[in-house]
There are 2 protein chains.
Amino acid sequence: MTDIYRAIADPIRRKILRMVSQQECTQSDIVASFSISQPAIKKHLAILLEEQLLLERRVGKFCYYRLNTPVFQQAYLQLQSELGLVLDNKLAGLKHYLENLEEE
Amino acid sequence: MTDIYRAIADPIRRKILRMVSQQECTQSDIVASFSISQPAIKKHLAILLEEQLLLERRVGKFCYYRLNTPVFQQAYLQLQSELGLVLDNKLAGLKHYLENLEEE
DNA sequence: ATTTCATATAACCTTTTGGTTATATATAAG
DNA sequence: CTTATATATAACCAAAAGGTTATATGAAAT
């Protein structure tokens, strides 16, 4: 359920997220922004949809994509707190080291 | 170079990053923390080393791993600015929308 | 010297990823 | 009605990911 790490693993998907966050885009808008085929883009969109970071809207023959902002925001916050821990741990280790300098 | 997105794509690698950020660990420490085989852990370590997020130190038969803090920190900052853009764009879109409410 | 323990590596397997080309379908435009 | 355009899907491919078991190597302990 919403594996943002999977979603952002590919640079093409990260660029798609940036595009659709600026404004809704049709699939062909997106295809036109890259030098890979339409089915390849479709697969990236499928992964982003699967991870619920995108919403799609069908109008006639067009398919519009936009960011699923609440889901993205929540997943991104969670990512930050998970990865932030890594640096926090490092700081805690340094703090502990400094506090015990005289004992060693 | 240093594809942090690849490095963090797997939950096992994220947990390893957290472990070694608390304190240096031997490979067997790490193996003992998971329920997968030693060669499987070795492959995750290889990916983290390849992406330069880990440093290794050999002492006798032991191999110690620690976080490559500067590289991790820099890569994480870059990730944050790249993904932060997505939300910034969204806010900019909202701002633009609000500013032009009366015109539509 | 032999056993034990930590690590390394090889061979193998399955699934996922990231791409392709070709083709089908559905809507819009001429 | 026919053509053009947007999207969907199928079949295929190569490489990467994520795992396994079995085995080799190298250092430490008995």
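In chain B, helices α2(B) and α4(B) are roughly perpendicular to each other, a label that covers angles of 65 to 115 degrees (under 35 is roughly parallel, over 145 roughly antiparallel, the rest oblique). This is a predicted model, where local features need pLDDT of at least 70 and side-chain atom pairs count only at pLDDT 80 or more, while totals for chains, interfaces and linings use all residues. Residues are numbered from 1 along each chain as its sequence is written, chains are lettered from A and ligands numbered from 1 in the order written, and side-chain values use heavy atoms, with hydrogens and water left out.

**The helix pair in chain B**

Back to that crossing: α2 of chain B spans residues 11-22, α4 of chain B spans residues 38-50, and their axes come within 10 Å and cross at roughly 70 degrees. The axes are lines fitted to C-alpha atoms over the stretch in contact, with angles from 0 to 180 degrees between N-to-C directions. Helices here are DSSP runs (H or I, at least four residues), as are strands (E, at least two), numbered from the N terminus.

Who touches whom? On the α2(B) side you'll find B:I12, B:R13, B:I16 and B:L17, and they meet B:I41, B:H44, B:L45, B:I47 and B:L48 of α4(B). Contact means heavy atoms within 4.5 Å. By class, that contact has 7 nonpolar, 1 polar and 1 charged residues. Nonpolar takes in Ala, Val, Leu, Ile, Met, Phe, Trp, Tyr, Cys and Pro, charged takes in Asp, Glu, Lys and Arg, and the others, Gly among them, are polar.

**Around DNA strand C**

DNA strand C has 23 residues around it, and the closest are A:R13, A:S37, A:K43, A:H44 and B:S28. Being near a strand takes one heavy atom within 4 Å of it. Of the atoms of DNA strand C that come within 4 Å of the protein, sugar and phosphate account for 67%. The surface near DNA strand C divides into 7 nonpolar, 7 polar and 9 charged residues.

**Around DNA strand D**

For DNA strand D there are 22 residues, with A:S28, A:K42, B:S37, B:K43 and B:H44 coming nearest. Sugar and phosphate make up 69% of the atoms of DNA strand D within 4 Å of the protein. Here the classes are 7 nonpolar, 7 polar and 8 charged. The largest share of this surface, 4 residues, comes from α4(B).

**Polar contacts with the strands**

These are pairs of N or O atoms within 3.5 Å.

| Residue atom | DNA atom | Distance |
|---|---|---|
| A:R6, polar side-chain atom | strand C, phosphate oxygen | 2.8 Å |
| A:D10, side-chain N or O atom | strand C, phosphate oxygen | 3.0 Å |
| B:S28, polar backbone atom | strand C, phosphate oxygen | 2.6 Å |
| A:K61, backbone N or O atom | strand D, sugar or linking oxygen | 3.2 Å |
| A:C63, backbone N or O atom | strand D, phosphate oxygen | 2.7 Å |
| B:R13, polar side-chain atom | strand D, phosphate oxygen | 2.7 Å |

The elements that give two or more residues to the surface near DNA strand D are α3, α4 and β3 (62-67) of chain A, plus α2 and α4 of chain B.

**Two residues in chain A**

A:Q27 sits in helix α3 (residues 27-32) of chain A. Is A:Q27 buried or exposed? With a relative accessible area of 15%, A:Q27 is buried (buried is under 20%, exposed over 50%, partly exposed in between, with a 1.4 Å probe and protein chains only). Leaving aside neighbours within four places in sequence, A:Q27 is in contact with A:Q38, A:K42, A:L45, A:C63 and A:Y65.

A:P39, in helix α4 of chain A, is partly exposed at 45%. A:P39 and A:R13 are 26 residues apart in sequence and 14 Å apart in space, C-alpha to C-alpha.

Notes: A polar contact is a pair of N or O atoms within 3.5 Å; within protein, one must be able to donate a hydrogen and the other to accept it, and residues adjacent in sequence count only if both atoms are side-chain atoms.
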